[in-house]
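Student: I am new to this structure and would like a close look at one part of it. Could you walk me through that part slowly, and then show me what else is worth finding?

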Amino acid sequence: MNEIRNIVSDIKNGNIKPIYFLMGEEPYYIDKISDYIEDNVLDESEKGFNQQVMYGRDATIEDIISAAKRYPMMAERQVLIVKEAQDLSKNIENLVSYAENPQPTTVLVLNYKYKKLDKRKKLYKAIAKSGLVYESKKLYENQVSDWIRRVLSGKGYQIEPKASLMLVEFLGTDLSKISNELDKLMIILPKETIINDKHIEDNIGISKDFNNFELKKAIGEKNILKANRIINYFSENPKNNPTVMTISLLNSFFTQLLLFHGLQDKSKAAVAKALGINIYFVEETFLASRNYPMRKVAQVISFLRDADVKSKGVGANQTHEDILKELLFKILH
């Protein structure tokens, strides 16, 4: 986040690089930086003649270099944005000659999503010297809740830990998807709202009682009735509750329990740090560890791997409903 703030601050202050190479696994920040440059470097009156968007699938490196070498018309600079530049990955090193001597009146922005340049090669070194290389790294699942909290805090909102976790478990780690849902909430709810699970249920369509978070909690507590009710709800709403995701989240939960059993320091702060979880949920981990000793946890992880294979259609003719019910029985007994 600090790196992005610095990039934006430099642009605001007129310290604009001739090349921005935006790469990495997380497209959200690549789009944010690119959109900021597209919206703010030129005045509206200058954009018509001096701002151009190209796409990697439709352009060649030669096309990009040719466009970048043009002079601006009645403006201090021109902006050239290449979206989906990863489609040029086979020939991307051909940009070296331009990167070594870029047109000072051009701002060339390359959005190189899901891939990154080899730092040992000439292109990376040339751009790092003459322009800016930004790598957008994918957040781990345990980092996304903090990201949600920071985003909302910056807009004048707060969010309860459970509500944040519900979003992560339902939407995964795709920041663009999460951002879209947060935008919807912020349109509906007034500033200073503390967003809770009821807001998530009412406005995003995630049930506050029947979701993977509650299933994990019920299993940790060995609450057989509640766990079965949630599984039955999942069976009736399979599109919103994919079996593969449920198995994956349970696997993460029991893997954390296995790590917990191996910890020497079991203070709340140490457990939260080692497991990468919010300290708010540590008590649930303590309870689950009492219900599932290490030997049982290892056995459950084996059950989960078997269910994962079956859910993907390998070596089983069971429905997803039957796979989940069988898995739940094995875990709880």
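**A close look, starting from a loop**

Tutor: Let's begin with Lys222, which counts as partly exposed because its relative accessibility is 32%, a value that falls between the 20% and 50% cut-offs. Please keep in mind that this is a predicted model. You will find Lys222 in the loop between helix 11 and helix 12 (224-236). Its backbone has a phi near 55°, which is positive although the residue is not glycine. That deserves a second glance, because most residues other than glycine have a negative phi.

Glu192 makes a good companion to look at next. Here, too, phi is positive in a residue other than glycine, with a value near 80°. Glu192 sits in the loop that links helix 9 (175-188) to strand 7 (194-195). With a relative accessibility of 62%, Glu192 counts as exposed, because the cut-off for that word is over 50%.

Now go back to helix 11 (212-221), since this helix gives two or more residues to the lining of the largest pocket. The pocket has a volume of about 610 Å³. It is lined by 27 residues, and those closest to its centre are Leu165, Lys216, Gln256, Gly276 and Ile277. Besides helix 11, the elements that supply two or more lining residues are helix 7 (141-154), helix 8 (161-171), helix 13 (243-261) and helix 15 (282-291). As for the character of the lining, 12 of its residues are nonpolar, 8 are polar and 7 are charged.

For a contrast with the loops, turn to strand 4 (residues 106-113). 8 of its 8 residues are buried, so strand 4 is largely enclosed by the rest of the structure. In a regular strand the side chains alternate between the two faces of the sheet. You can follow both faces here: Thr106, Leu108, Leu110 and Tyr112 are on one side, Val107, Val109, Asn111 and Lys113 are on the other, and all of them are buried.

Strand 4 also has pairing partners to trace. Strand 1 (residues 19-24) runs parallel to strand 4, and 6 bridges join the two; within this pairing, Gly24 has Lys113 as its bridge partner. Strand 3 (residues 78-83) pairs with strand 4 in the parallel sense as well, over 5 bridges. To place that pairing in the model, look for Val79, which stands opposite Val107.

Terms used:
Residues are numbered from 1 along each chain as its sequence is written. This is a predicted model: local features need pLDDT of at least 70, side-chain atom pairs count only at pLDDT 80 or more; totals for chains, interfaces and linings use all residues. Side-chain values use heavy atoms; hydrogens and water are left out. On a 1 Å grid over the protein atoms alone, a cavity is a set of points where a 1.4 Å probe fits but cannot get out, and a pocket is an open set with protein on both sides within 12 Å along at least five of seven lines; lining residues have an atom within 4 Å of a point. Grid points are joined across faces, edges and corners, and a volume is the space filled by probe spheres set on the points. Helices (H or I, at least four residues) and strands (E, at least two) are DSSP runs, numbered from the N terminus. Ala, Val, Leu, Ile, Met, Phe, Trp, Tyr, Cys and Pro count as nonpolar, Asp, Glu, Lys and Arg as charged, and the others, Gly among them, as polar. Buried means under 20% relative accessible area, exposed over 50%, partly exposed in between (1.4 Å probe, protein chains only). Two strands pair if DSSP finds at least two bridges between them.
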